[in-house]
Amino acid sequence: MLARDEETGETMTDMLVHDESLGIFVAGHETTARTMSFLWYVLHENPDVAERLHAELDAVVPRDQAPTLEHLKRLPYTMQAIKEVLRLYPPSPAQPRDPTFDQDLGGAHLSPGTYVLLFPYATHRHPEFWEEPERFDPDRFLADREDGRHPFAYFPFGGGQRICIGNSFAMLEAHILTALLARRFSARLVAGHKPEIEMGAQQGGRRAGAPCLQVRKGRNQDERQHHGQVFDDQPADGDATASRLHQAALLQRAEQDDGTCHR
Ligand code: HEM
């Protein structure tokens, strides 16, 4: 709020502070949170993928350590799983555009006032670009399988001039959180609950029923006991404050979770 532009000396107006704050909370928080929610959901639905992801984490991140950048470089499958979640459940499923001049595009005439919606949710499931599009398969994001794919077959972060400025940060954050949390927790869908996704054309927004998950410490009795101690007494060195808060929230849920869907 006190910052000044180096060149012009201008400060931020109240409106700019308002808009920037909203941008960080809505664009920067909600999106990654949704990615993480749907990741736990797909791991529950795809136990073979969960097994591979946990095996990779077990092999790379020591039990009582927070993941470092060096660890992340050796967690490619975890990253592939995050990319695949963003394919099937893009947190920004539709992006509206407002043409400013008359133009022909793909056989359609667009003039100012035409409502245009870019639709990653549908494109990401289009059989022309994706084999068995509804299947959750992180191996789609193996480097050699990405070669030759149309650059806009996959655009969870948008593209062009308005591409997400938090793109790399978000992927790093999701990678760290997955490594940190999946190493210590497992989550399963509350029995009988099916997440519902509602698409709303207005503002390209989505009112999604986030998955209702039951969180458990560790993945078996032994792990639960071990991680319970790590969490309750002393968070591992190097954990970022935000990650600690996530852990604390999960821990609290893990302890209180009675299997009911509270929304
Ligand atoms: C998985 C996480 C994220 C996804 C899927 C995502 C997706 C998107 C998309 C699709 C757009 C473009 C919207 C459009 O073209 O209409 C966008 C823009 C934006 N995102 Fe993200 N985002 C994520 C995380 C973040 C984070 C962590 C930040 C900031 C810390 C952030 C800040 C922004 C901002 C400021 C814009 C507007 C850019 C502009 O218009 O110039 N996003 N995001």
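**Exercise 1.** Determine whether glycine 158 is buried, exposed or partly exposed in this predicted model.

*Solution.* Step 1: the neighbour count is needed, and glycine 158 has 15 C-beta neighbours inside 10 Å. Step 2: a buried residue requires 20 or more such neighbours, whereas an exposed one has 12 or fewer. Step 3: the count of 15 therefore makes glycine 158 partly exposed.

**Exercise 2.** Locate glycine 158 among the helices and identify what it touches.

*Solution.* Step 1: glycine 158 belongs to the loop that runs between α6 (143-146) and α7. Step 2: leaving aside residues up to four places away in sequence, glycine 158 touches Gln95, Ile163 and Cys164. Step 3: proline 93 is 65 residues from glycine 158 along the chain, yet their C-alpha atoms are separated by 9.8 Å.

**Exercise 3.** Establish which side of α2 is buried and what covers its buried residues.

*Solution.* Step 1: α2 has 14 residues and reaches 20 Å from its first C-alpha to its last, close to the 20 Å expected at 1.5 Å a residue. Step 2: the buried residues of α2 are Ala50, Leu53, Glu56 and Leu57. Step 3: these residues lie on the same side of α2, because they cover an arc of only 130° around the axis. Step 4: an α-helix has 3.6 residues a turn, so residues three or four places apart point the same way. Step 5: on the face turned away from the buried side of α2 are the exposed residues Pro47, Asp48, Glu51, Ala55 and Ala59. Step 6: the cover over the buried residues of α2 includes α1, α4 and α7.

**Exercise 4.** Describe the largest nonpolar core and identify the element that supplies its largest share.

*Solution.* Step 1: this core has 28 residues, and those with the most contacts inside it are Leu39, Ile82, Val85 and Ala179. Step 2: at least two core residues come from each of α1 (14-45), α2 (47-60), α4 (76-88), α7 (167-182) and β5 (185-189). Step 3: α7 supplies the largest share, 8 residues. Step 4: the buried residues of α7 include Ala170, Ala174, Ile176, Leu177 and Ala179. Step 5: valine 85 touches Thr35, Phe38, Leu39 and Val42, not counting residues up to four places away in sequence.

**Exercise 5.** Characterise the protein as a whole by its helices and strands, its burial and its contacts.

*Solution.* Step 1: there are 9 helices and 8 strands in the protein. Step 2: 24% of its 263 residues count as buried. Step 3: among contacts with a separation of 6 or more, 66% join residues 24 or more positions apart.

Methods: Residues are numbered from 1 along each chain as its sequence is written. This is a predicted model: local features need pLDDT of at least 70, side-chain atom pairs count only at pLDDT 80 or more; totals for chains, interfaces and linings use all residues. A nonpolar core is a set of buried Ala, Val, Leu, Ile, Met, Phe, Trp, Tyr and Cys residues joined through C-beta atoms within 7 Å. Helices (H or I, at least four residues) and strands (E, at least two) are DSSP runs, numbered from the N terminus. Two residues are in contact if their C-beta atoms, placed from the backbone, lie within 7 Å. The expected span of a helix is 1.5 Å times one less than its number of residues. The arc is that of the directions from the helix axis to the C-beta atoms.
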